[in-house]
Amino acid sequence: MKVMELLEKELQVPVIKINYEELKEELGKNLKEYEGLVVTAETLAGCKNAQKELASLRTKVDAYRKDKKRELSAPITAFENQCKELIEMIASVEAPIKDGIKVFDDMKRDEKKAMAEQVIAEQVEKVGLNAKYASQLTVIDKYMNLTATKKAVQEDVETRAFALKVEQDREEERLNIIQSVINSENEKIATKINIEWFRYYINNGMPTADIIAEIKSKAEAIYRAENMPKEEPV
């Protein structure tokens with residue numbers, strides 16, 4: 001665009017030059033008078049005066065730096081303000097276009113979301129996920145990308161659904177084993193054990209073998225309580 005050509009056309013890079021080498025040499029000569037000073041009781045007064053002179057010189061140089069920096073920064077500040085004004089002009093024209101694009105992009109994302117939800121619902125039914133695992137098969141952000149295709153979404157959903165089905169089957173198998181142990185132990189006792197008594201252990205990932213040990217221990221305690229020997233009458 002010609003705008004960029006015009007921006008560069010009159011730009012001049014500022015050059016800041018001071019007689020640095022001459023100043024440095026002269027300062028070095030002056031500082032030699034102060035080098036090697038040792039503070040003692042006899043030289044204390046003279047050292048204090050020397051320190052004041054050095055502090056005064058340091059302050060003056062720093063003040064000069066700040067004044068010149070402020071003066072030299074003025075054209076840079078003006079340059080920044082001009083560029084900001086140009087940017088605002090562009091942004092004011094760009095904003096309504098950008099807003100309009102967003103409306104259509106949001107509509108497209110809503111369509112992508114609805115499509116993904118349909119694919120998920122079909123896959124849940126096809127694979128046979130229960131409510132617990134179906135709730136984990138959610139619409140993720142990449143499904144709503146404007147470039148996302150139905151094929152790509154379907155393939156990803158199928159992969160996730162398969163992994164969830166494996167977990168679901170493993171859990172069901174584990175529960176069946178636990179329930180079969182409970183059924184076996186319940187044959188020996190009148191007060192029946194319920195799997196819900198061990199739900200905390202199941203949900204918190206306790207190994208199946210340990211849960212079975214807990215069931216057997218509970219069953220044994222119930223059996224002993226139900227079959228306590230009767231005391232002989234005195």
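Start with Glu185, which counts as buried because its relative accessibility is 6%, under the 20% cut-off. This is a predicted model, and in it that buried Glu185 has a partner: its side chain forms a salt bridge with Lys216, with the closest N and O atoms 3.1 Å apart. The pair ties together distant parts of the chain, since Glu185 sits in helix H5 while Lys216 belongs to helix H7 (residues 208–226), 31 residues away. Lys216 itself is partly exposed, because its relative accessible area is 40%, which falls between the 20% and 50% limits. So this bridge has one buried end, Glu185, and one partly exposed end, Lys216.

Stay on helix H7 for a moment. Glu220 and Arg224 both lie there, 4 residues apart, or about one turn of the helix. They form a salt bridge too, and here the closest N and O atoms are 3.5 Å apart. Glu220 comes out as partly exposed because its relative accessible area is 38%.

Now hop over to helix H3, where Asp62 and Arg65 are 3 residues apart, again about one turn. Their side chains meet in a salt bridge at 2.9 Å, N to O. What is the wider arrangement around Asp62 and Arg65? Lys66 joins in, and the three residues are linked in a network of salt bridges. As for solvent, Asp62 has 30% relative accessibility, so it counts as partly exposed; Arg65, at 42%, is partly exposed as well. Across the whole structure, the search turns up 14 salt bridges, and the ones described here are among them.

Helix H3 also brings us to a pocket. The second largest pocket has a volume of about 440 Å³, and both helix H2 (20–32) and helix H3 (44–127) supply at least two residues each to its lining. There are 16 lining residues in total, and those nearest the pocket's centre are Leu23, Lys24, Leu27, Leu57 and Val61. How does the lining break down by class? It has 9 nonpolar, 2 polar and 5 charged residues.

Another residue to look at on helix H3 is Leu54. In sequence, Leu54 and Leu31 are 23 residues apart, while in space their C-alpha atoms are separated by 8.6 Å. Leu54 is partly exposed, because its relative accessibility is 31%.

What about the cysteines? A disulfide is a covalent bond between the sulfur atoms of two cysteines. With a sulfur-to-sulfur cut-off of 2.5 Å, the count for this model is 0 disulfides. Cys47 is buried because its relative accessible area is 13%, whereas Cys83, at 24%, is partly exposed.

Finally, how far can you lean on all this? The chain averages a pLDDT of 89, and 93% of the residues score at least 70. Confidence is highest in helix H5 (residues 150–186), with a mean of 93, and that is the helix holding Glu185, where we began. At the other end of the scale is helix H1 (residues 2–9), where the mean drops to 64, the lowest in the chain. Where pLDDT is low, the predicted coordinates should not be read in detail.

Notes
Residues are numbered from 1 along each chain as its sequence is written. This is a predicted model: local features need pLDDT of at least 70, side-chain atom pairs count only at pLDDT 80 or more; totals for chains, interfaces and linings use all residues. Side-chain values use heavy atoms; hydrogens and water are left out. On a 1 Å grid over the protein atoms alone, a cavity is a set of points where a 1.4 Å probe fits but cannot get out, and a pocket is an open set with protein on both sides within 12 Å along at least five of seven lines; lining residues have an atom within 4 Å of a point. Grid points are joined across faces, edges and corners, and a volume is the space filled by probe spheres set on the points. Ala, Val, Leu, Ile, Met, Phe, Trp, Tyr, Cys and Pro count as nonpolar, Asp, Glu, Lys and Arg as charged, and the others, Gly among them, as polar. pLDDT is the predictor's confidence in each residue, from 0 to 100. A salt bridge is a side-chain nitrogen of Lys or Arg within 4 Å of a carboxyl oxygen of Asp or Glu. Buried means under 20% relative accessible area, exposed over 50%, partly exposed in between (1.4 Å probe, protein chains only).
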